[in-house]
Amino acid sequence: IGHVADSRKLVVNLTNNSSTRVRCDLRFDASPQTPFRSTRHINPGQTGTSVLRAQRRWFSVAVDIVCIPAPR
């Protein structure tokens, strides 16, 4: 998991180092902005990206990420 942040967006990069495809559910909480959810399916050895764009000014962002094996 890696991230790139600036004042307008937060980019979360997820790399799948396992031998199976995974499904990652992301939940961004950047109060006072409305919580945002995203899902990414990532093949073995690949990297997936999820972006949260600022709609209101935030001071901190909490990101919950849950990845599980996904059927093909």
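Here are three short exercises on the structure above, each with a worked solution.

This is a predicted model, where local features need pLDDT of at least 70, side-chain atom pairs count only at pLDDT 80 or more, and totals for chains, interfaces and linings use all residues. Residues are numbered from 1 along each chain as its sequence is written, and side-chain values use heavy atoms, with hydrogens and water left out.

**Exercise 1.** Work out how many helices and strands the protein chain has.

*Solution.* Start with the rule: helices (H or I, at least four residues) and strands (E, at least two) are DSSP runs, numbered from the N terminus. Now count: you get zero helices and six strands. Read from the N terminus, the order is β-β-β-β-β-β.

**Exercise 2.** Find which side chains of strand β5 are buried (under 20% relative accessible area, 1.4 Å probe, protein chains only).

*Solution.* First, locate β5 at residues 47–53. Next, sort its side chains by face: Gly48, Ser50 and Leu52 share one, and Thr47, Thr49, Val51 and Arg53 take the other. The Gly48, Ser50 and Leu52 face is the buried one. This fits a handy rule: in a regular strand, side chains alternate between the sheet's two faces. Across the whole protein chain, 25% of the 72 residues count as buried.

**Exercise 3.** Decide in which sense strands β2 and β5 pair, parallel or antiparallel.

*Solution.* Recall that two strands pair if DSSP finds at least two bridges between them. Strand β2 covers residues 9–15, and its seven bridges with β5 run in the antiparallel sense. To see one of them, pick Leu10: its bridge partner in β5 is Leu52. You've met Leu52 already, on the buried face of β5.

Methods:
Buried < 20%, exposed > 50% of the residue type's maximum accessible area, 1.4 Å probe, protein only.
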